[in-house]
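Colleague: I'm new to reading protein models, and I'd like to know where the labels come from. Could you take me through a few of them?

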Amino acid sequence: MRKYLKFLLVFLIFLPGCSQKTQADQISIVLLNGWGTMEEDNQAMREIYSDFEKDNPDISLKLISMPSPENVTSKVKEMISVGKLPNLIYIGETGIDTLYSFMVEQGYVIDLMPYIEEDEEFKNMIAPEILRKWKTADGRLYTVTDVLNTGGYWYNKQIFKNAQIDEAPASWEEFLECCEKIKKWAVQQKLNTVSLQLDYDTISCIIQAYNGNMSEALKLLDRIKDYSDIEKNYTYRDRLRSFNVGHSAIYVGGISSEQKMNPNLSMEYATFPDKDNENISLVSAYPGYFIGSSSDEKQRKASIRFLKYMLSEKVQSKIWKRTGQVPSNPNVDVENISEKNDVRYRAYKKFKEAQIFVELPGNDWSSTRRENFEENIYKYFSGEISDKNIIESMKNN
């Protein structure tokens, strides 16, 4: 017993020293991200981030979580001004041709290609869409993302059924016929239901999906507006609320939108037709994670391990199941990790079966082009300007 007590005493004296040594040996890295709200997908992403430490106990990950990507952009600028750039930054779909370009040009973020080229496992995790969009002419890569953003639309099956619409339209003329049927049914039932909300994001997605002559696309929009609510200041949350309460029959958005939709709705996903009535899917690898150049080599390698963690098949599967975002790792078998009758998986299948894939406008249009288009499209709807005025304003941007 005396020997046991002596051993226990030595162990208890030694234990704090072990604990302190472990903490001292940890590499500390900071991740600035835009998943800071209490929405389900935001909470899920923060939990996935936090789980990184369980698999990597030698790394301490501190999260600075902002309410939106726009807040991240502002925070990065603030941190740059005081010389405290975080080790990892996730900006999502904001600051593409402002903050992204600035950080690269000023050397605030590192080239990831040397780390990718020396690690075959890491290399195989990178989506072709990322390399096509973000690999520079001289072979540099400053960002990778863990998800692909998608664009199509969801429709309320019950409203379609009430309006005697049997299936999703296969052409723009059929799309307009659907809108006419919904309007006629709503008038008969004395409802204020509309086909869709024409906010900026919806309008720009339709333009991009048409994938053809801008003048023709604008004339198509001019016809669609007669069946829509035109809301210049609407955000995706307003558009989503309208769809969730049954005020609008169609919600233009990606697959991940399903996670925020009313679970009691009977709904289905569809792809847009293009100008030639081919199925078209909008898809983009928006800027994702950056590693700050202020990190020392140990922190950089720890940050690379974080990127590999986020792109691992285990984590990519969690992201799909818990947030509905499409995994970017091309090796992830979405079919294998999905319920076959699940509405989200059916949406993914339709997305993958499209005949044409084009970039989302937010990842394809310059900031000047986006600003000019947003400023002028509502003037076009009101008849203040012509389609030629809009086209002229978007040239060379």
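Modeller: Sure, let's start with charges: a search of the whole structure turns up 24 salt bridges. Before we go on, this is a predicted model, where local features need pLDDT of at least 70 and side-chain atom pairs count only at pLDDT 80 or more, while totals for chains, interfaces and linings use all residues. Residues are numbered from 1 along each chain as its sequence is written, and side-chain values use heavy atoms, with hydrogens and water left out.

Colleague: What makes E39 and R237 a salt bridge?

Modeller: The term asks for a side-chain nitrogen of Lys or Arg within 4 Å of a carboxyl oxygen of Asp or Glu. For E39 and R237 the closest N and O atoms are 2.6 Å apart, so the pair fits that definition. In general, side chains of opposite charge can pair when their charged atoms come close.

Colleague: Which parts does the pair of E39 and R237 tie together?

Modeller: E39 is in the loop between strand 1 (27-33) and helix 2 (40-55), and R237 is in helix 12 (residues 236-244), so the pair links parts that are 198 residues apart in sequence. Helices (H or I, at least four residues) and strands (E, at least two) are DSSP runs, numbered from the N terminus.

Colleague: Why is E39 called partly exposed?

Modeller: Buried means under 20% relative accessible area, exposed means over 50%, and partly exposed is in between (1.4 Å probe, protein chains only). E39 has 24%, so partly exposed is the right label. R237, at 35%, counts as partly exposed too.

Colleague: How do you know that K225 is buried?

Modeller: Its relative accessibility is 18%, which is under 20%, so K225 counts as buried. K225 has a salt bridge with D222 (3.0 Å, N to O), and another with D226, where the closest N and O atoms are 3.5 Å apart. D222 is partly exposed at 26%, and D226 is partly exposed at 46%.

Colleague: Which residues are joined into one network by salt bridges that share partners?

Modeller: One such network holds K157, E268, R346 and K350.

Colleague: On to rings, then. What makes Y153 and F175 an edge-to-face pair?

Modeller: Rings of Phe, Tyr and Trp (its six-membered ring) pair if their centres lie within 6.5 Å; planes under 30 degrees apart count as stacked, over 60 as edge-to-face and the rest as tilted. The structure holds 26 aromatic pairs. In Y153 and F175 the centres are 5.9 Å apart and the planes are at 85 degrees, so this pair is edge-to-face. Y153 sits in strand 4 (residues 147-156) and F175 in helix 9 (residues 172-188), so the pair ties together parts 22 residues apart in sequence. Both Y153 and F175 are buried.

Colleague: How do you know that Y289 and F306 are edge-to-face?

Modeller: The angle between the planes is 75 degrees, which is over 60, and the distance is 5.8 Å centre to centre, so the label holds. Y289 belongs to strand 11 (residues 289-291) and F306 to helix 13 (residues 297-311), so parts 17 residues apart in sequence are tied together. Y289 is buried, and so is F306. Y289 and F306 also belong to one aromatic cluster with W35, Y49, F52, Y90 and Y309.

Colleague: What is special about the phi of Q164?

Modeller: The phi of Q164 is positive, about 60 degrees, although Q164 is not a glycine. Most residues other than glycine have a negative phi. Q164 is in the loop between helix 8 (157-162) and helix 9.

Colleague: Why is Q164 called exposed?

Modeller: At 63% relative accessible area, Q164 is over 50%, so it is exposed. K190 is another residue other than glycine with a positive phi, near 60 degrees. K190 lies in the loop between helix 9 and strand 5 (196-197), and its 77% relative accessible area makes K190 exposed.

Colleague: One more: why is M214 called buried?

Modeller: M214 has 15% relative accessibility, which is under 20%, so M214 counts as buried. You'll find M214 in helix 11 (residues 214-224).
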